[in-house]
Amino acid sequence: MKIIMLGAPGAGKGTQAKMIAEKYHIPHVSTGDIFRANLKEGTPLGKKAKEYMDKGALVPDELTVEILLDRVSRDDCAGGYVLDGFPRTIPQAEVLDEELTKLGDHVDFAIDVDVPDENIVRRMSGRRACLKCGATYHIEHIPPKKEGICDNCGEPLVLRDDDKPETVQKRLTVYHEQTAPLIDYYTKQGILRTVDGTKDMKEVFSAITGIIDQN
Ligand code: AMP
């Protein structure tokens, strides 16, 4: 089963993707996490990606497609995966389709977690992340057990540079210009499913599992 999560930055698609991965025993593949891991390790890819990420811009397709294809070609992805944050442009979607077609395979669903822009800006300012293990929290919706501290590794939590209000605005503009056209792209393929992302996290998840289990 191959699932793509669509939605504006901060729509909650990452949280839903992790829950899907756990329930259906498939890897959660996030290009943002891969970039951040590279950044932490100080790799050339990480340094290059940071230039774009800090500005709220997209990392160029060539770089992104390469790391994504490398990741999904690993053994643990043989039974499927849930993609979170990829594709973010039509060319990325086309490359993924081409590669899957070569393998006689295809994407099963593109699930759009739909949230209006007004809600997004409010939500993102409450996001907190652990730069050590990558865990993410929200001060209202998914608070850590101890305020400001990561449940997993005890590190202090931070507001990521790319979650700061000015960067969020920029990311929303980029989303509407470059990523939202994918809604049309997957609608034409007949695999787009939309869920109301303004609902409670559990309700959103039950809408998603309803879609997956029906097929
Ligand atoms: P995310 O954690 O998915 O919100 O991604 C954080 C940042 O990583 C984005 O704002 C982009 O700069 C970069 N990024 C992640 N995935 C992609 C992608 N598929 N294409 C281009 N840039 C990406």
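Which residues cover the two faces of β1, and are they buried or exposed? That was my opening puzzle today, and I kept in mind that I am reading a predicted model.

**Entry 1: strand β1**

I took one face at a time. K2, I4 and L6 lie on one side of β1, I3 and M5 lie on the other, and all of them are buried. The general pattern helped me sort them: side chains in a regular strand alternate between the two faces of the sheet. I then checked the strand as a whole. Five of the five residues of β1 (residues 2-6) are buried, so the strand is largely enclosed by the rest of the structure.

Next I looked for its partners. β1 runs parallel to β3 (residues 81-84), and four bridges join the two. I noted one pair here: K2 has Y81 as its bridge partner in β3. β1 also runs parallel to β4 (residues 109-114), again with four bridges. For that pairing I wrote down M5, which stands opposite I111.

**Entry 2: the ligand**

I moved on to the ligand and asked which residues come nearest to it. There are 16 residues around it, and T31, R36, A57, G85 and R171 come nearest. Helix α2 (residues 31-41) gives the most to this shell, with four residues. I sorted the shell by character and got six nonpolar, five polar and five charged residues.

Then I went through the nitrogen atoms of the ligand. One such contact goes to the side chain of T31, where an N or O atom is 2.7 Å from a ligand nitrogen. A polar backbone atom of G85 is 2.8 Å from a nitrogen of the ligand. The side chain of Q92 offers an N or O atom at 2.9 Å from a ligand nitrogen. I also looked up how much of the ligand is covered: taken alone it exposes 480 Å², and the protein buries 96% of that.

**Entry 3: G56**

I stopped at G56, in the loop between α3 (44-53) and α4 (61-72). Is G56 buried or exposed? Its relative accessibility is 6%, so it counts as buried; the cut-off for buried is under 20%. Leaving out residues up to four places away in sequence, G56 touches T167, K170, R171 and V174. I met R171 earlier, among the residues that come nearest to the ligand. For a sense of distance I picked K199, which is 143 residues from G56 in sequence and 26 Å from it in space, C-alpha to C-alpha.

**Entry 4: helix α7**

Two residues of α7 caught my eye, and I began with Y175, which lies in this helix (residues 165-179). Y175 counts as buried because its relative accessibility is 9%. Which residues does Y175 touch, beyond those up to four places away in sequence? I listed G7, A8, P9, D112, A180 and I183. I compared its position with that of L96: the two are 79 residues apart along the chain, and their C-alpha atoms are separated by 19 Å.

The other residue is T179, also found in α7. T179 has 6% relative accessibility and therefore counts as buried. A polar atom of its side chain lies 2.7 Å from the backbone oxygen of R88. With residues up to four places away in sequence left out, T179 touches P87, R88 and V174. V174 was on my list for G56 too.

**Entry 5: a cis peptide bond**

P87 sent me to the backbone. The peptide bond from F86 to P87 is cis, with omega near -5 degrees. P87 itself is found in the loop between β3 and α5 (90-102).

**Entry 6: two more loop residues**

H25 was next, in the loop between α1 (13-24) and β2 (28-30). I flagged its positive phi of about 55 degrees, although H25 is not a glycine. H25 has a relative accessibility of 70% and so counts as exposed.

I ended with T43, in the loop between α2 and α3. T43 has a relative accessible area of 19%, and is therefore buried; I double-checked this one against the cut-off of under 20%. The side chain of T43 is joined to that of N38 by a polar contact of 2.8 Å.

Definitions and conventions:
Residues numbered from 1 in each chain as written. Predicted model: local features only at pLDDT ≥ 70, side-chain atom pairs only at ≥ 80, totals over all residues. Heavy atoms only, no water. Buried < 20%, exposed > 50% of the residue type's maximum accessible area, 1.4 Å probe, protein only. Contact = heavy atoms within 4.5 Å. Near = heavy atom within 4 Å. Polar contact = N/O pair within 3.5 Å; in protein donor to acceptor, adjacent residues only side chain to side chain. Areas by Shrake-Rupley, 256 points an atom, 1.4 Å probe, with all protein chains shown as cover. Nonpolar A, V, L, I, M, F, W, Y, C, P; charged D, E, K, R; others polar. Pairing = 2+ DSSP bridges.
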